[in-house]
Amino acid sequence: MSNPDQLHVYAADFETQILAFIDQHRVMLLAALEGLTEEEAHRRLVPSKTTLLGLLKHAIFVERVWFQEARTGMSRADLGIGDSPDESFDLEDSDTIESVAREYLETCQASREAVAGVSASTVWCGNRRGPLTVQWIQLHVLRELAQHCGHAEILREQILAAGLEG
């Protein structure tokens, strides 16, 4: 939050602060792909399905589960996502940095619209866990994004280091 444009956030209410923190992490996660090749973005460096592009695809899943499913009760199939978090890391042959980034940006915008003007104490009932406040959902999404930004930083560092060795 060192950006002078963000200084108003320091003394703001919870809703302003949480939205700013979530957006900051959205930007950081997307930035992890900057300057990488398609091969690098798809590269698996750990035994799990986790890749840089897969992390962004998983973030789409997270956004849709918490800001669409939880709010509307729509099925995950109707939201265009898999049934489980594990499936959300799967990459299709057609997935590119550009295509997944575009979908991510669109999904994030839909998430912003879903919470615009909504109080943190509002309860959404559409998630499988049952009724949850918007505050809980926003904190959970921030936790997810922060965790995955950390994963992305490490994967990016490994990819860039491998490029320097080559």
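## Helices, salt bridges and a pocket in a predicted model

Asp-78 is found in the loop between H3 and H4. The structure that holds this residue is a predicted model, and every value below was computed from that model. With a relative accessible area of 59%, Asp-78 is exposed, because a residue counts as exposed when this value is over 50%. From Asp-78 to Arg-64 the separation is 14 residues in sequence, and in space the two lie 11 Å apart, C-alpha to C-alpha.

### From Arg-64 to Thr-107

Is Arg-64, a residue of helix H3, buried or exposed? Its relative accessibility is 16%, so Arg-64 counts as buried, the cut-off for that word being under 20%. If residues up to four places away in sequence are not counted, Arg-64 touches Glu-69, Leu-79, Gly-80, Ile-81, Glu-103 and Thr-107. One of these partners, Thr-107, is found in helix H4 and is buried, with a relative accessible area of 5%. When its neighbours within four places in sequence are left aside, Thr-107 is in contact with Ile-60, Glu-63 and Arg-64.

### Helices H1 and H4

Helix H4 (97-115) has 19 residues, and the distance from its first C-alpha to its last is 27 Å, which is close to the 27 Å expected at 1.5 Å a residue. Which residues of H4 are buried? They are Ile-97, Ser-99, Val-100, Ala-101, Tyr-104, Thr-107, Cys-108, Ser-111, Ala-114 and Val-115. The buried residues of H4 pack against helix H1 (14-31), helix H2 (38-42), H3, strand E1 (123-124) and H5. After H4 comes Gly-117, a residue whose phi is positive, near 75°.

Helix H1 can be described in a similar way, since it has 18 residues and reaches 26 Å from its first C-alpha to its last, close to the 26 Å expected at 1.5 Å a residue. Its buried residues are Ile-18, Ala-20, Ile-22, His-25, Arg-26 and Leu-29, and these pack against H3, H4 and H5.

### Salt bridges

How many salt bridges does a search of the whole structure find? The search finds 12 salt bridges, and the table gives three pairs among them.

| Acidic residue | Basic residue | Distance, N to O |
|---|---|---|
| Asp-95 | Lys-57 | 2.5 Å |
| Glu-69 | Arg-76 | 3.2 Å |
| Glu-98 | Arg-102 | 3.4 Å |

In the salt bridge between Asp-95 and Lys-57, the side chains meet at 2.5 Å, N to O. Asp-95 lies in the loop between helix H3 (52-72) and helix H4 (97-115), while Lys-57 belongs to helix H3, so the pair ties together parts that are 38 residues apart in sequence. Both Asp-95 and Lys-57 are buried.

The side chains of Glu-69 and Arg-76 also meet in a salt bridge. Glu-69 is buried, with a relative accessible area of 4%, and Arg-76 is buried as well, with a relative accessible area of 10%. Glu-69 has been named already in this report, because it is one of the residues that Arg-64 touches.

For Glu-98 and Arg-102 the setting is a single helix: both lie in helix H4, 4 residues apart, about one turn of the helix. Glu-98 is exposed, with a relative accessible area of 57%, whereas Arg-102, at 40% relative accessibility, counts as partly exposed. Elsewhere, salt bridges that share partners join Asp-23, Arg-26, Glu-63 and Arg-112 into one network. Two members of this network have appeared above: Arg-26 is among the buried residues of H1, and Glu-63 is in contact with Thr-107.

### The largest pocket

Rolling a probe the size of a water molecule over the atoms shows where empty space is left. In this model, the largest pocket holds about 160 Å³ of space. Which residues line the largest pocket? The lining is made by His-58, Phe-61, Val-62, Val-65, Trp-66, Arg-76, Pro-85, Asn-127, Arg-128, Arg-129, His-140 and Glu-144. By class, this lining has 5 nonpolar, 3 polar and 4 charged residues.

H3 and helix H5 (134-165) each supply at least two residues of the lining, and the largest share, 5 residues, comes from H3. Arg-76 links this part of the report to the previous one, since Arg-76 is a lining residue of the largest pocket and also forms a salt bridge with Glu-69.

Note on methods:
Residues numbered from 1 in each chain as written. Predicted model: local features only at pLDDT ≥ 70, side-chain atom pairs only at ≥ 80, totals over all residues. Heavy atoms only, no water. Salt bridge = Lys/Arg side-chain N within 4 Å of Asp/Glu carboxyl O. Buried < 20%, exposed > 50% of the residue type's maximum accessible area, 1.4 Å probe, protein only. 1 Å grid on protein atoms, 1.4 Å probe; cavity = no way out; pocket = protein on both sides within 12 Å on 5 of 7 lines; lining within 4 Å. Points joined across faces, edges and corners; volume = space filled by probe spheres on them. Nonpolar A, V, L, I, M, F, W, Y, C, P; charged D, E, K, R; others polar. Expected span 1.5 Å × (residues − 1). Contact = heavy atoms within 4.5 Å.
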